[in-house]
Structures are given as structure tokens and as C-alpha cells.
Amino acid sequence: MWTLDTLAAVLLRPPAIYEQSKPAWDDPGDLDEPEERGLPADVEAAASAVFRECRGAPHRLSELAALGAHHAEDVADVCLLDDVIHLAAAGRFVAGGGFGEDDPGSASTGLAAALEGLAAEADRTPLVGGRWCGDDLLVGRASDLAIREAEGTAGGAVVASGERLP
């Protein structure tokens with residue numbers, strides 16, 4: 001049972017001070033700047049060569065992946081090259097053929113230069129084989145894809161904007 005004296009002593013006691021050690025901070029001079037990382041040069045060169053093929057005529061993503069397989073002896077990581085080809089094509093589909101304001105893709109060299117002006121569309125043709133699944137995108141210059149669409153050879157494709165064309 002609590003008495004008034006005990007209750008007052010508990011409630012009015014001085015606050016407990018706990019001993020805490022000061023945090024150990026690193027010396028800012030000990031911290032290294034992280035290396036800027038990007039694609040290995042061999043993978044970027046091979047992927048750029050693959051996407052330059054789309055300048056002449058539109059190519060299916062499966063064809064681009066097969067072209068990338070021909071560069072297997074030129075690159076150290078074939079799976080990375082395959083991933084870059086698939087993701088760059090998907091990026092062209094999402095971007096609608098243009099680079100966003102925050103996209104450093106306006107560079108005039110490397111893979112960004114090879115992808116500049118390219119677009120992708122999906123016509124519900126399934127992608128077969130490989131580690132990826134989904135639509136076998138058609139990648140090419142936006143003007144070539146528009147001509148293909150105007151000629152009616154695309155079969156009502158879903159273009160990069162995500163809208164269904166007549």
C-alpha cells in the first residue's frame with residue numbers, strides 16, 4: 001500500500017541520469033568517394049552496336065537479343081548484355097521514343113546515342129525463349145514505326161504512349 005510519503009518520494013525524486021558514451025564519428029578524411037559505376041565498356045559497345053541496327057529498319061526484341069548473342073565473345077558478362085538489351089528496349093517503350101528531362105540520355109556517345117530517336121511498340125506478340133517474358137517489342141525509329149502503323153502492318157499495336165491505335 002502506498003503512503004503519502006512514499007508516493008511523494010517516488011514522484012518528486014530527482015531525475016535519473018544515465019551514463020552514455022559519446023557516439024564515435026568517423027573522420028571525414030577517412031571516407032572515400034564512391035567510384036562512379038556504369039556499364040562496362042564492352043557491354044555498352046556491344047549493346048550500342050545492337051541498337052544501331054534499328055536505325056535501318058525496326059527489329060523485334062527477340063532479334064535484338066539474338067544479335068546480342070553474336071557479341072558473346074566480345075563481352076565478359078553475356079547475361080548483363082542480355083539484360084541491357086531487354087531493359088533498354090523496355091525503356092524505349094516507356095519513354096515513348098524521347099528522353100525525359102532528368103534522363104542523361106541526351107549524350108552524344110555510347111548507348112544513349114544509339115537509343116536516341118528510337119521508340120518501341122507492343123503488338124501482343126509474345127516473347128519466346130530466354131530469361132525474359134512478355135511482349136516481343138518492336139524497336140525502331142519512331143518515324144519507321146509510324147509508317148508501319150499507317151500502312152496497317154502493325155495490327156492495332158499498342159505504341160509507346162500506351163494508347164491503342166485504330
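# Exercises on a predicted model

G56 sits in the loop between α2 and β1. The model is predicted: local features need pLDDT of at least 70, side-chain atom pairs count only at pLDDT 80 or more, and totals for chains, interfaces and linings use all residues. Residues are numbered from 1 along each chain as its sequence is written, and side-chain values use heavy atoms, with hydrogens and water left out.

## Exercise 1: G56

Task: State whether G56 is buried or exposed, and give its C-alpha distance to G140.

Solution.
- Step 1. The classes are buried (under 20% relative accessible area), exposed (over 50%) and partly exposed (in between), with a 1.4 Å probe and protein chains only.
- Step 2. The relative accessible area of G56 is 64%, so G56 is exposed.
- Step 3. The C-alpha atoms of G56 and G140 are 8.0 Å apart in space, while the two residues are 84 residues apart in sequence.

## Exercise 2: Elements and sheet

Task: List the secondary structure in chain order and describe how the strands are arranged.

Solution.
- Step 1. Helices (H or I, at least four residues) and strands (E, at least two) are DSSP runs, numbered from the N terminus.
- Step 2. The protein has six helices and three strands. Their order from the N terminus is α-α-β-α-α-α-β-β-α.
- Step 3. Two strands pair if DSSP finds at least two bridges between them. The three strands make an open sheet in the order β1-β3-β2, with antiparallel pairing.
- Step 4. β1 (59–60) and β2 (118–121) are the edge strands; each has a single partner strand, so one side of each lacks a neighbour in the sheet.
- Step 5. Between β1 and β3 (residues 138–141), which run antiparallel, there are two bridges. H59 has V139 in β3 as its bridge partner.

Strands of a sheet pair through backbone hydrogen bonds, either parallel or antiparallel.

## Exercise 3: Salt bridges

Task: Find the salt bridges of R60 and R131, and say which residues form one network.

Solution.
- Step 1. The criterion is a side-chain nitrogen of Lys or Arg within 4 Å of a carboxyl oxygen of Asp or Glu. Over the whole structure, four salt bridges are found.
- Step 2. R60 forms one of them with D123, at 2.7 Å from N to O. This pair connects distant parts of the chain, with R60 in strand β1 and D123 in the loop between β2 and β3, 63 residues apart.
- Step 3. R60 is buried because its relative accessibility is 16%. D123 is buried because its relative accessible area is 17%.
- Step 4. D82 and R131 form a salt bridge at 3.6 Å, N to O. Here D82 belongs to helix α4 (residues 78–95) and R131 to the loop between β2 and β3, 49 residues apart.
- Step 5. D83 also forms a salt bridge with R131, the closest N and O atoms being 2.2 Å apart. D83 is in helix α4 and 48 residues from R131.
- Step 6. Shared partners join D82, D83 and R131 into one network of salt bridges.
- Step 7. The accessibilities within this network are 19% for D82, which is buried, 22% for D83, which is partly exposed, and 51% for R131, which is exposed.

## Exercise 4: Core and helix α4

Task: Describe the largest nonpolar core, then list the contacts of I85 and H86.

Solution.
- Step 1. A nonpolar core is a set of buried Ala, Val, Leu, Ile, Met, Phe, Trp, Tyr and Cys residues joined through side-chain atoms within 4.5 Å.
- Step 2. The largest one has 23 residues, and those with the most contacts inside it are F51, L64, L81, I85, L137 and V139. Two or more residues each come from α2 (41–52), α3 (61–70), α4, α5 (110–115) and β2.
- Step 3. Contact means heavy atoms within 4.5 Å. Apart from neighbours within four places in sequence, I85 touches V50, F51, L61, L64, A65 and G68.
- Step 4. H86 is also in helix α4 and is buried, since its relative accessibility is 8%. With neighbours within four places in sequence left aside, H86 contacts L61, A65, L127 and W132.

## Exercise 5: Whole-chain values

Task: Report the buried share, the contact share at long separation and the accessible surface.

Solution.
- Step 1. Of 166 residues, 30% count as buried.
- Step 2. Among contacts with a separation of 6 or more, 61% are between residues 24 or more positions apart.
- Step 3. Accessible areas come from the Shrake-Rupley method with a 1.4 Å probe; for residues, only the protein chains shown count as cover. The total is about 11,300 Å², and 57% of it belongs to carbon and sulfur atoms.
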